[in-house]
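Work through the exercises below with the sequence and the 3D structure in view. Each task is followed by a solution in steps.

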Amino acid sequence: MDRESIPSYKLTVIANDNGAPPLNSTAEVYITVEDINDNAPMFSHADRYVVFVKEEQPVGGFVVKLLADDPDSGDNGTVDYSITRGKKSVWKKKKKPFFEMCDELLPGVLFFSCSMSFFIGVYQVFIKCSIGDHIYMYCLVIS
Ligand SMILES: [Ca+2]
Ligand SMILES: [Ca+2]
């Protein structure tokens, strides 16, 4: 059984006796398939995603919203997003990152954690969803 294909079944059970005349009775049985966590989340984009943004981005400026789908239900289908690593260019001086995510408020949304004025360039960010899929996001900051 696969809950993601067929989540429930309805069966009709018939009981017959051997009397004369034979009598019978029917009952309907409903079966709900319980979910197990058998699907990993997958990003709906290709494994590389390119975003162009203008350099006059303020702190908190929107970069992109990434979406991953997990067909399981409840907690099994909840997707957490995180920036796991990026090339050195992702990290500003003093180890402050250029990009941040706040999963509690806006799941999948990447935003700038500092002003991008004077930071024209290509930034590579590696983003993971839960324990499943990952995606490389390239942010091209242009003038
Ligand atoms: Ca899952
Ligand atoms: Ca499942």
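The exercises concern a predicted model, and they go from the whole chain to single residues.

**Exercise 1. Describe the secondary structure of the chain and its order along the sequence.**

Step 1. Count the elements: the chain has eleven strands and zero helices.
Step 2. Read along the sequence: the pattern is β-β-β-β-β-β-β-β-β-β-β.

**Exercise 2. Set the radius of gyration of the chain against that of a compact globule of 143 residues.**

Step 1. For a compact globule of 143 residues, the radius of gyration would be near 15 Å.
Step 2. The chain has 25 Å instead.
Step 3. Along the principal axes, the C-alpha atoms fill a box of roughly 95 × 25 × 20 Å.
Step 4. Turn to burial: 15% of the 143 residues in the chain are buried.
Step 5. Turn to contacts: of those with a separation of 6 or more, 62% are between residues 24 or more positions apart.

**Exercise 3. Work out how β1 and β2 are joined, and how well β2 is covered.**

Step 1. Strand β1 covers residues 8-16, and strand β2 covers residues 24-32.
Step 2. The two strands run antiparallel and are joined by nine bridges.
Step 3. Take one residue as an example: Ile-14 has Thr-26 in β2 as its bridge partner.
Step 4. Check the cover of β2: zero of its nine residues are buried, and the strand is hardly covered.
Step 5. Look at the loop between β1 and β2, where Pro-21 is found. The peptide bond joining Ala-20 and Pro-21 is cis, with omega about 0°. In general, most peptide bonds are trans.

**Exercise 4. Lay out the sheet that contains β5, β9 and β8.**

Step 1. Write down the order: the three strands form an open sheet, β5-β9-β8, with antiparallel pairing.
Step 2. Find the edges: β5 (62-65) and β8 (99-101) each pair on one side only.
Step 3. Add the twist, which averages 25° from one strand to the next.
Step 4. Examine one pairing: three bridges link β8 to β9 (residues 109-112) in the antiparallel sense.
Step 5. Within this pairing, Glu-100 has Phe-111 in β9 as its bridge partner.

**Exercise 5. Is Phe-118 buried or exposed?**

Step 1. Locate the residue: Phe-118 is in the loop between β9 and β10 (121-129).
Step 2. Apply the cut-off: a residue is exposed if 12 or fewer other C-beta atoms lie within 10 Å of its own.
Step 3. Phe-118 has 8 other C-beta atoms within 10 Å, so it is exposed.
Step 4. Note the backbone: Phe-118 is not a glycine, yet its phi is positive, about 70°. Most residues other than glycine have a negative phi.

Technical notes
Residues numbered from 1 in each chain as written. Chains lettered and ligands numbered in written order. Predicted model: local features only at pLDDT ≥ 70, side-chain atom pairs only at ≥ 80, totals over all residues. Pairing = 2+ DSSP bridges. Helix = DSSP H or I, 4+ residues; strand = E, 2+ residues; numbered from the N terminus. Axes fitted to C-alpha atoms, helices over the stretch in contact; angles between N-to-C directions. Rg over C-alpha atoms; globule rule 2.2 N^0.38 Å. Buried ≥ 20, exposed ≤ 12 C-beta atoms within 10 Å, placed from the backbone. Contact = placed C-beta atoms within 7 Å.
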